[in-house]
Amino acid sequence: MSNLKEKYQTRMAIIRAQSQSGAALTLLDIEAEYTMVASTTPEAVLLELEIGAERSARELLRHTPPQRSEFEMAIEPIEDEIIRIHRLIEKNSVLVTDSPELKAIALLAGVPEGTEMLLHIDAMERAFSRLAAVIQGKPASAEGIPEDNAFAMRLLILREFMHHLQFDSIRIFTNSAVAP
């Protein structure tokens, strides 16, 4: 765990330098098997959530694309895992990531590509609505949504994280020196 903690401390230091801000940061990394959250205040914290894009898709979904009922059922365990950490996250921190997968969500939501991208919650919600349309039967190609349950779960985890921890945006750093 100490190597993992060092990895996230290094990533946070690079992001802090790029953001040129003294604000508290919360780093979100929705990996395949786990979701990692690093926070800078009140002290450095590294949390591992038992939800990940591929893991959650494998454990919670049976169809591709997911059926509406199974997707709705998947929301509760995702929410529960996120709510479990809400007291450990600085309320006034800035949500950040260097995840290429979250960059892909931002691009899908219409955020212009750059070395620093800002995905507002309303744009993320529009992308989520497009996913919901696919779940309700609209062709994924018509919405530009990947036919991939891991993508669906990553978007769901991001959405629930932002809502339950009350983040109105996520700053995405895309500099290759930062990416995991």
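This is a short tour of a predicted model, stop by stop, with something to select at each one.

**The whole chain**

Start zoomed out, with the protein chain shown as a cartoon. You should be able to pick out seven helices and six strands. Walking from the N terminus, the elements come in the order α-β-β-β-α-α-β-α-β-α-α-α-β. Turn on the C-alpha trace and look along its principal axes: the span is about 45 × 35 × 25 Å. How does the radius of gyration of the protein chain sit against that of a compact globule with 180 residues? The chain has 16 Å and the globule would be near 16 Å, so the two agree.

Now color by accessibility. Buried residues account for 47% of the 180 in the chain. Switch to a surface and you are looking at about 8700 Å² of exposed area, with carbon and sulfur atoms supplying 50% of it. If you draw contacts, keep those with a sequence separation of 6 or more: 67% of these come from residues 24 or more positions apart.

**Strand β6 and its partners**

Select residues 169–173, which is strand β6. This strand is mostly covered, with five of its five residues buried. Show the side chains and check which way they go: S169, R171 and F173 point one way, while I170 and I172 point the other. Both sets are buried.

Next, add residues 94–97, strand β4. β4 and β6 run parallel to each other and pair over two bridges. Then add β5, residues 116–120. The pairing of β5 with β6 is antiparallel, over five bridges.

**T97, on the β4 side**

Click on T97 in strand β4. Is T97 buried or exposed? With a relative accessibility of 0%, T97 counts as buried. Its bridge partner in β6 is I172. Expand the selection to contacts, skipping neighbors within four places in sequence, and T97 picks up I15, L27, L28, L102, I170, R171, I172 and F173. For a sense of scale, draw a C-alpha distance from T97 to E79: the pair is 18 residues apart along the chain and 20 Å apart in space.

**E116, on the β5 side**

Hop over to E116 in strand β5. This residue stands opposite F173 in β6. Unlike a buried position, which would need under 20%, E116 has a relative accessible area of 39%, so it is partly exposed. Beyond four places in sequence, E116 touches Q18, R171, I172, F173 and T174. Zoom in on the side chains of E116 and R171, where a polar contact of 2.3 Å joins the two. Then try another C-alpha distance, this time from E116 to P77: 31 Å, across 39 residues of sequence.

**Helix α7 and what follows**

Select residues 149–164 for helix α7. Its 16 residues reach 22 Å from first C-alpha to last, close to the 22 Å expected at 1.5 Å a residue. α7 is mostly covered, with 14 of its 16 residues buried.

Look at both ends of the helix. What caps the N-terminal end of α7? D148 does, placing a side-chain oxygen 3.0 Å from the backbone nitrogen of A150. Just after α7 comes Q166, with a positive phi of about 60°, even though Q166 is not a glycine. Q166 belongs to the loop between α7 and β6. At 67% relative accessibility, Q166 counts as exposed.

**Helix α3 and the loop before it**

For the last stop, select residues 68–83, helix α3, and find E81 in it. With a relative accessible area of 12%, E81 is buried. Set aside residues up to four places away in sequence, and E81 touches E48, L49, E50 and I51.

Finish in the loop between α2 (53–60) and α3, where you will find P65. Check the peptide bond from T64 to P65: it is cis, with omega near -5°.

How values were computed. Residues are numbered from 1 along each chain as its sequence is written. This is a predicted model: local features need pLDDT of at least 70, side-chain atom pairs count only at pLDDT 80 or more; totals for chains, interfaces and linings use all residues. Side-chain values use heavy atoms; hydrogens and water are left out. Helices (H or I, at least four residues) and strands (E, at least two) are DSSP runs, numbered from the N terminus. Buried means under 20% relative accessible area, exposed over 50%, partly exposed in between (1.4 Å probe, protein chains only). Contact means heavy atoms within 4.5 Å. The expected span of a helix is 1.5 Å times one less than its number of residues. A polar contact is a pair of N or O atoms within 3.5 Å; within protein, one must be able to donate a hydrogen and the other to accept it, and residues adjacent in sequence count only if both atoms are side-chain atoms. The radius of gyration is taken over C-alpha atoms; the globule rule is 2.2 Å times the number of residues to the power 0.38. Accessible areas come from the Shrake-Rupley method with a 1.4 Å probe; for residues, only the protein chains shown count as cover. Two strands pair if DSSP finds at least two bridges between them.
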